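Me: I've got a model open and a few "how do you know that" questions about the labels people put on it. Can we go through them one at a time?

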Amino acid sequence: WEAVNADTLLTNFSVPVAKQIVAGLFGSVSTYLILLYICGILFSSKGGMILMPWIGQVELGLFRMFIFRLSVVLLTASQLVITFQHVIHVWFEAAHSAARDDRYLIGEILMNYVPETQAT
């Protein structure tokens with residue numbers, strides 16, 4: 001433990017991991033509560049069942065489980081997008097450049113192009 005730099009351990013490992021854990025915990029719970037509140041306004045409930053327009057009656061516990069899982073998936077996806085934002089940006093730039101290069105070559109005469117002749 002003497003060789004471990006405490007400052008590096010805290011700033012490069014412990015603080016970012018704790019930040020992601022806290023964001024995941026509070027973010028998913030707050031998103032769940034907000035979605036549950038909005039769905040409570042939109043859909044009517046009676047006798048432990050929720051009436052949804054296209055689905056019909058759904059059990060309240062199953063509905064809450066689905067909403068919580070949806071909020072966790074949304075939060076996880078948003079954390080992944082934020083984490084890999086630079087990598088995704090570089091990938092889209094490369095894809096855009098490749099598409100632009102392909103569009104540029106349409107209709108152009110290639111100077112060093114020798115058409116293949118079919119052997120008969």
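**Checking the labels**

Reply: Sure. Start with helix α2, where Phe63, Ile67, Ser71, Leu75 and Gln79 are buried. Keep in mind that this is a predicted model.

Me: What makes Phe63 count as buried?

Reply: The cut-off is under 20% relative accessible area. Phe63 is listed as buried in α2, so by that cut-off its relative accessible area is under 20%. Across the protein chain, 12% of the 120 residues count as buried.

Me: What do the buried residues of α2 pack against?

Reply: They pack against α1 (6-42), β2 and β3. Contact here takes heavy atoms within 4.5 Å.

Me: How do you know that α2 has the span expected of a helix?

Reply: Count and compare. Helix α2 covers residues 60-83, which is 24 residues. The expected span is 1.5 Å times one less than the number of residues. For α2 the expected value is 34 Å, and the first C-alpha to the last C-alpha also comes to 34 Å, so the label holds by that definition.

Me: Why are β1 and β2 called paired?

Reply: Pairing needs at least two bridges. Three bridges join strand β1 (residues 44-46) to β2, and the two run antiparallel, so they pass the test. One bridge partnership is serine 44 with leucine 51 in β2. The hairpin between these strands has two residues, and glycine 47 in that hairpin takes a positive phi near 65°.

Me: What makes β2 and β3 a pair?

Reply: Four bridges join β2 to strand β3 (residues 56-59), again antiparallel, so the two-bridge requirement is met. Leucine 51 stands opposite glutamine 57 in β3, and methionine 52 stands opposite glycine 56. Three residues make the hairpin that joins β2 to β3.

Me: Why is the sheet called open, and which strands are at its edges?

Reply: The three strands are ordered β1-β2-β3, with antiparallel pairing. Strands β1 and β3 stand at the edges with a single partner strand each, so one side of each is left without a neighbour in the sheet. The twist averages 35° from one strand to the next. Helix α2 packs on the sheet, touching β2 and β3, and its direction makes about 80° with that of β3.

Me: Which face of β2 is covered?

Reply: In β2 (residues 49-52), Ile50 and Met52 form the covered face, while Met49 and Leu51 form the uncovered one.

Me: What makes a set of eight residues the largest nonpolar core?

Reply: The members must be buried nonpolar residues joined through side-chain atoms within 4.5 Å. Here the set is Tyr32, Cys39, Phe43, Ile50, Met52, Val58, Phe63 and Ile67. At least two of these residues come from each of α1, β2 and α2. Valine 58 also has contacts with Gly48, Met49, Ile50, Met52 and Phe63, leaving out residues up to four places away in sequence.

Me: How do you know which parts of the prediction carry the highest and lowest confidence?

Reply: Look at pLDDT. Confidence is highest in α2, at 89, and lowest in helix α3 (residues 85-105), at a mean of 80. The protein chain averages 82, and 84% of the residues score at least 70. Where pLDDT is low, predicted coordinates should not be read in detail.

Notes
Residues numbered from 1 in each chain as written. Heavy atoms only, no water. Buried < 20%, exposed > 50% of the residue type's maximum accessible area, 1.4 Å probe, protein only. Axes fitted to C-alpha atoms, helices over the stretch in contact; angles between N-to-C directions. pLDDT = per-residue confidence, 0-100.
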